[in-house]
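Some labels in a structural description rest on a cut-off. Let us check a few of them against their values.

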Amino acid sequence: MAISSGLDIAIRSLMAQQHAVNTASHNIANANTPGFSRQRVRLEAMPGLAASPGIPSAGGGVDSLSVRRVRDVFVDYQIRLANQAAGRFEARASSLQKAELVVNEPSDNGLRAVLSQFWNSWRDLANQPESSAARTAVIQAGGTMTSTATRIYESFVRLRGEADARVIQDVTEINGLTANIANLNEQIARMSAVGDQSSDLRDTRDLAMEQLSRLIDIQYVDRADGRIDVFVGGHTLVTSGTSYAITGVANAGNLNFVDLRFQADNTAVVVTDGELRGLLDQRDGDLVNRITDLNALLGQVITDVNAAHAAGFGLDGLTGRAFFTGTNASNIAVNPVVSANTNAVAASTTLAGVP
């Protein structure tokens, strides 16, 4: 082997090992970088040239052929799949926790407690129907109950508005992520075309994919050129270097809360999982159901109390008056005629019972 060949092997070996050391340093430096994947240099022995005919080659040393990420695509898929469910359930859990705080049960000032106080005030009035203090207590207990019910109703409506605002915020974030993925697609494809694995760019894109999967249920296809196409509900979100934005369109039939559509063709966005699905379930499902239940309860209280009160007589000898106005939790109130005059509280079933 010529001296020059030996020197070439030594130089190539030093360069290959230096490449491996640089890669190890890069791995250590990015140990806490979100989304970073450990990289590994692929070293391979190089064939040598025979020194002369009939003399075996001693080999050509070593060379670094490529740098590849140590990453499992199956694990990536499972993480993104789990992210979708986690995002949805966390959004719904947040909704239920806020609803629980609004209802404030069990407590001394929750709806159940003020309803009990209201019924108890009528019991006390039944024991002393001529008492002005007992009649005042009924009116005050009724006012406390109606204000509590209205507060809970308005809080539920406000929570729906907050959920809608978060939907709009998520849509903005989704559009930013898909635009970033499309841009990275093109950079990765250009570098792959010249043999560069673009590991760091792929890490950045994978991190964006994980963030996107937490917000909305996505499907994706890895392409041979390094690009990745992303879909939601069968509609393209990202293809090559193009992203398709989602927009919110106000729905007048749903308090002007937004419906989600693709900006390019105005087709509806079908969302089945992720934080966005959880927020939509919160806004149009969980909270609506709580409001419906609350209205049904208060509507029944209004109907039953008004029916009983209208059948009785006040100290002024009049009958047929409702105790409550309104139809449900959104507008329930003590009848102003009753609240302004304690004698209007009907505590007798017959006119003969009125002093």
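The questions below concern helices and strands in a predicted model.

Q: Why are α4 and α6 called roughly antiparallel?
A: The axes of α4 (residues 132-193) and α6 cross at roughly 165°. Angles over 145 degrees count as roughly antiparallel. The pair therefore earns the label. The two axes come within 9 Å, and the crossing is left-handed.

Q: What makes up the contact of α4 with α6, by class?
A: There are 19 nonpolar, 2 polar and 8 charged residues. Gly counts as polar here.

Q: How do you know what span is expected for α6?
A: Helix α6 (residues 274-310) has 37 residues. The expected span is 1.5 Å times one less than the number of residues. That gives 54 Å, and the helix reaches 52 Å from its first C-alpha to its last, close to expectation. Even so, α6 bends by about 45° at Q282.

Q: What makes β4 and β5 a pair?
A: Two strands pair if there are at least two bridges between them. Strands β4 (residues 228-232) and β5 (residues 235-239) are joined by 3 bridges and run antiparallel. V230 stands opposite V238 in β5.

Q: Why are β3 and β6 called edge strands?
A: The open sheet has the order β3-β4-β5-β6. Strands β3 (219-222) and β6 (242-243) each pair on one side only.

Q: How do you know that β7 and β8 pair?
A: They are joined by 6 bridges, and the cut-off is at least two. The two strands form a hairpin with 5 residues between them. In its turn, L255 has a positive phi of about 55°.

Technical notes
Residues numbered from 1 in each chain as written. Predicted model: local features only at pLDDT ≥ 70, side-chain atom pairs only at ≥ 80, totals over all residues. Heavy atoms only, no water. Helix = DSSP H or I, 4+ residues; strand = E, 2+ residues; numbered from the N terminus. Bend = angle between axes of the 7 residues up to and from the residue. Axes fitted to C-alpha atoms, helices over the stretch in contact; angles between N-to-C directions. Parallel < 35°, antiparallel > 145°, perpendicular 65-115°, else oblique. Left-handed = near helix turned anticlockwise from the far one by under 90°.
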